[in-house]
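User: Hi! I'm new to this one and would love a friendly walk through it. Could you show it to me?

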Amino acid sequence: MTKQALPTKTLPAVQLRVPTHEDAFVWHRLFDDPDVMEFFGSGASAELSVYEELTARQRRHDAERGFCFWTLLDADGEPIGFTGAQPWPHDWGPKGEIEIGWRLGRAAWGKGYATAAAQATLERVRAAGVGHVVAMVDARNARSAAVARRLGMELAETFTTPSKRQAHRFRLAL
């Protein structure tokens with residue numbers, strides 16, 4: 001009997017764009033949800049000013065490095081979150097490393113967008129000359145850990161964050 005390959009899930013079409021100032025408002029709206037923020041920071045929604053600073057910083061990263069956390073758009077051009085890469089921004093954890101990440105509004109979960117967008121991110125950072133990336137994932141966030149594994153990332157370390165949460169550092173050589 002011949003063994004048949006399992007069908008692979010077709011990933012949705014996604015678009016990535018450098019975040020605009022207006023995207024700060026979009027991100028704030030998309031992420032103003034306790035379910036979305038459960039594994040980020042304090043778990044609470046962030047103020048609009050946080051997203052204004054974040055989108056401005058991402059525009060600088062794109063101009064300087066050729067990559068950033070881009071606004072993630074579905075096939076119809078509607079914003080559904082962000083994905084991309086940036087230098088690790090904290091004085092703890094993988095200092096000096098390039099972190100990839102993703103955050104989607106609740107309505108976009110479970111549809112393959114995070115994996116499709118992260119794959120596009122890997123292509124762009126590889127083209128920018130990045131040799132490896134890390135993904136920092138709260139140890140309780142099974143969905144994000146699954147995305148990292150689908151990308152071929154390997155668990156490199158488990159540690160305790162300054163906020164006393166367990167976290168995983170996944171790593172991938174490009």
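Analyst: Below we go through pockets, aromatic rings and a few single residues.

User: Great, what should I know before we start?

Analyst: This is a predicted model, so to speak of provenance: local features need pLDDT of at least 70, side-chain atom pairs count only at pLDDT 80 or more, and totals for chains, interfaces and linings use all residues. Residues are numbered from 1 along each chain as its sequence is written, and side-chain values use heavy atoms, with hydrogens and water left out.

User: Pockets first, please. What volume does the largest pocket have?

Analyst: The largest pocket has a volume of about 950 Å³. A pocket here is an open set of points on a 1 Å grid over the protein atoms alone, where a 1.4 Å probe fits, with protein on both sides within 12 Å along at least five of seven lines; lining residues have an atom within 4 Å of a point. The volume is the space filled by probe spheres set on the points, which are joined across faces, edges and corners.

User: And which residues lie nearest the centre of the largest pocket?

Analyst: F39, F40, G41, H90 and R103 do, out of 37 lining residues. The lining has 20 nonpolar, 11 polar and six charged residues. In that count Ala, Val, Leu, Ile, Met, Phe, Trp, Tyr, Cys and Pro are nonpolar, Asp, Glu, Lys and Arg are charged, and the others, Gly among them, are polar.

User: Which helices and strands supply at least two residues of that lining?

Analyst: α3 (48-65), β3 (79-87), β4 (98-104), β5 (132-138) and β7 each do. Helices (H or I, at least four residues) and strands (E, at least two) are DSSP runs, numbered from the N terminus.

User: You mentioned F40 and R103. How far is the charged end of R103 from the ring centre of F40?

Analyst: The charged end of R103 sits over the F40 ring, 4.0 Å from its centre. "Over a ring" asks for NZ of Lys or CZ of Arg within 6 Å of the ring centre and within 35 degrees of the ring normal. R143 does likewise with W109, its charged end sitting over that ring at 4.2 Å from the centre.

User: Where does R143 lie with respect to the second largest pocket?

Analyst: R143 is among the residues nearest the centre of the second largest pocket, along with G110, A114, V147 and R150. That pocket holds about 480 Å³ of space and is lined by 22 residues. The largest share of its lining, four residues, comes from α5. By class, the lining has 11 nonpolar, five polar and six charged residues.

User: Switching topic: how many aromatic pairs are there?

Analyst: Six, by a rule in which rings of Phe, Tyr and Trp (its six-membered ring) pair if their centres lie within 6.5 Å; planes under 30 degrees apart count as stacked, over 60 as edge-to-face and the rest as tilted. W88 and W92 make an edge-to-face pair, because their ring centres are 5.2 Å apart and their planes stand at 85 degrees.

User: Are those two tryptophans buried or exposed?

Analyst: W88 is buried at 10% relative accessible area, and W92 is partly exposed at 26%. Buried means under 20% relative accessible area, exposed over 50%, and partly exposed in between (1.4 Å probe, protein chains only).

User: Which residues do ring pairs link into a cluster?

Analyst: W27, F31, Y51, F69 and F82. W27 is also one of the buried residues of helix α1 (residues 21-30), including D23, A24, V26 and L30. The buried residues of α1 pack against β1 (15-17), α2, α3, β2 (69-73) and β3.

User: Who does Q58 touch?

Analyst: Leaving aside neighbours within four places in sequence, Q58 is in contact (heavy atoms within 4.5 Å) with P19, C68, F69, A85 and Q86. Q58 is found in helix α3 and is buried, with a relative accessible area of 0%.

User: Last one: what is the phi of K164?

Analyst: K164 has a positive phi of about 70 degrees, although it is not a glycine. Most residues other than glycine have a negative phi. K164 lies in the loop between β6 (154-160) and β7 and is exposed, at 68% relative accessibility.
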